[in-house]
Amino acid sequence: FLSLFLQAKMSRPVQARRLEGIDKNIWVEFVKLAATYSKVNLGQGFPDFPAPDFVREALSRVLGGENHMLHQYTRAFGHPPLVKVLAQLYGKLLGRDLDPLTNVMVTVGAYQALFCCFQAFVDEGDEVIIIEPFFDCYEPMVKMAGGTPVFVPLRLKAPKDGKMMSSADWQLDPAELASKFNERTKAIVLNSPNNPLGKVFSRGELELIADLCVKHDVLCISDEVYEWLVYDGKELIRIASLQGMWDRTVIIGSAGKTFSITGWKVGWTVGPDRLLQHLRTVHQNSVYHCATIAQEAVAQGFQRELMLYGKPESYFVQLPKELQQKRDWLVQSLEAVGMKPIIPEGTYFLVADISQFKSDVPDVPNSDEPYDYRFAKWMIKNKGLAAIPLSAFYSEAHKSNYSNFIRFCFAKEEATLKAANDILQKWKKEKNS
């Protein structure tokens with residue numbers, strides 16, 4: 001009788017309905033696989049080279065300094081020196097005067113900034129347009145807020161003249177994008193430069209999005225965490241600077257990507273007070289506060305960069321130059337083994353076409369796993385090289401259309417990229433023998 005009573009008592013589901021169907025996470029599976037089998041991990045997007053000296057020195061100064069109040073709470077919505085310098089920098093970038101107290105809010109990384117946006121703006125039944133491929137947390141965060149994700153893929157228009165593919169060859173279809181907007185559309189998520197493709201959206205594409213946002217009174221959540229990592233002289237255009245967009249856009253940034261310090265978890269939002277006031281409500285009722293010491297050190301990093309803005313010694317100038325060289329090196333290594341790299345215009349990432357390798361990867365009977373998942377797992381276990389399947393960045397409905405690609409991270413030390421190249425060279429010899 002007691003066991004029946006306990007069974008009856010425990011039959012009610014424990015988890016909230018909003019968690020249904022979002023419990024799986026590719027990073028849990030692939031991080032574990034990489035840790036077990038890989039010699040070289042080009043999967044996860046974080047640098048394995050040191051953060052710049054000036055940022056590390058700033059943290060040391062803050063830690064060892066006399067100002068003991070930096071070990072206590074600071075202002076909940078952002079440490080005053082940090083919001084002040086961010087307002088100055090983004091004011092310069094956007095060509096408008098920004099109020100540090102109302103137009104900037106500091107978050108626990110860009111991840112929490114995204115979470116605040118979806119929780120603050122999305123209601124039950126609201127639709128949120130997500131451009132595919134997309135950073136994988138967008139979809140579950142929209143669902144947790146009660147919204148419905150609506151997906152629109154970038155379409156690959158491969159060059160016909162034998163040139164290498166570029167992330168610029170992945171484009172929005174204007175009619176397809178326009179068809180996704182309706183009276184239920186609350187927001188669109190824009191990620192430029194885009195993770196995983198490395199695409200930097202052109203002015204024409206951004207104007208298309210902006211016109212639709214204005215026409216349908218839709219918000220834009222603009223994830224710009226890779227804003228300083230743009231290559232080949234490409235210009236990053238910020239959608240908030242376009243006609244009618246400042247009032248409806250929240251910009252999201254990240255110290256992790258800006259200063260190569262992903263473990264510090266300092267992010268921010270920039271936008272009009274009419275939008276940020278609602279983010280502040282979510283923030284104060286969730287994390288409430290971010291680490292004071294990290295914010296102070298990041299503020300000092302930005303103060304340096306603001307003084308050096310546009311000069312050769314600026315980290316914002318030096319880092320993309322270094323990463324562009326690493327990108328080009330990895331492109332050559334992948335091409336040599338028979339993959340077809342898609343040259344990214346920005347970010348840490350490079351996507352490569354792996355359709356030439358289908359005969360190398362054994363079929364798994366009764367498996368509905370896409371080819372890129374099987375290939376990535378096979379490559380980790382058999383070659384010791386870790387990468388991430390591109391279809392992980394697509395909705396369930398579109399995964400099977402984009403399963404011939406994998407994503408590599410090239411924001412790595414030369415020794416790491418050399419070790420990857422050695423694996424690829426050995427693989428090339430095995431293929432040719």
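Two strands count as paired here if DSSP finds at least two bridges between them. Keep that in mind as you open this predicted model, since the tour starts with strands.

**Stop 1: strands E12, E13 and E6**

Select residues 340-343, which form strand E12, together with 349-353, strand E13. These two pair in the antiparallel sense over 3 bridges. Click on Pro-341 and look across: Ala-352 in E13 stands opposite. Now follow the chain through the hairpin of E12 and E13, where 5 residues sit between the strands. Among the residues of this hairpin, pick Thr-347, which takes a positive phi near 75°.

Next, add residues 165-166, strand E6. Here E12 has another partner: 2 bridges join E6 to E12, and these strands run parallel. Label Met-165 and Ile-342 to see them standing opposite each other.

**Stop 2: helix H13**

Select residues 371-383 to bring up helix H13. Its 13 residues reach 17 Å from the first C-alpha to the last, close to the 18 Å expected at 1.5 Å a residue. Is this helix mostly covered or mostly open? It is mostly covered, with 11 of the 13 residues buried. Among the buried ones are Tyr-371, Tyr-373, Phe-375, Trp-378 and Met-379, along with charged side chains such as Asp-372, Arg-374, Lys-377 and Lys-383.

What do the buried residues pack against? Show helix H2 (26-37) and helix H14 (414-432), then strands E14 (385-386), E15 (388-389) and E16 (405-409); the buried residues of H13 pack against each of these elements. Before moving on, step just past the end of H13 to Gly-384, which takes a positive phi of about 75°.

**Stop 3: the cysteines**

Show the cysteine sulfurs. How many disulfides does a search of the whole structure find? The count is 0. Zoom in on Cys-116: the closest cysteine sulfur belongs to Cys-117 and is 7.1 Å away, so the distance is too far for a bond. Cys-116 is also buried, with a relative accessible area of 0%.

Cys-213 is in no disulfide either, and its nearest cysteine sulfur, that of Cys-220, is 5.3 Å away. The cut-off for a disulfide is a pair of cysteine sulfur atoms within 2.5 Å. Like the previous cysteine, Cys-213 counts as buried, at 0% relative accessibility.

**Stop 4: backbone exceptions**

Most residues other than glycine have a negative phi, and most peptide bonds are trans. The next selections depart from that pattern.

- Select Glu-132 and Pro-133: the peptide bond between them is cis, with omega near -5°. Pro-133 lies in the loop between strand E3 (127-132) and helix H6 (138-144).
- Move to Asn-195 and Pro-196, also joined by a cis peptide bond, with omega about 25°. Pro-196 lies in the loop between strand E8 (185-191) and helix H8 (203-216).
- Go on to Asp-217, whose phi is positive, near 55°. This residue lies in the loop between H8 and strand E9 (219-223), and it counts as exposed because its relative accessibility is 56%.
- Finish at Tyr-288, where phi is near 70°, again a positive value in a residue other than glycine. You will find Tyr-288 in the loop between helix H10 (273-284) and helix H11 (292-307). Is it buried, partly exposed or exposed? At 42% relative accessibility, Tyr-288 counts as partly exposed.

Conventions
Residues numbered from 1 in each chain as written. Predicted model: local features only at pLDDT ≥ 70, side-chain atom pairs only at ≥ 80, totals over all residues. Heavy atoms only, no water. Helix = DSSP H or I, 4+ residues; strand = E, 2+ residues; numbered from the N terminus. Expected span 1.5 Å × (residues − 1). Buried < 20%, exposed > 50% of the residue type's maximum accessible area, 1.4 Å probe, protein only. Contact = heavy atoms within 4.5 Å.
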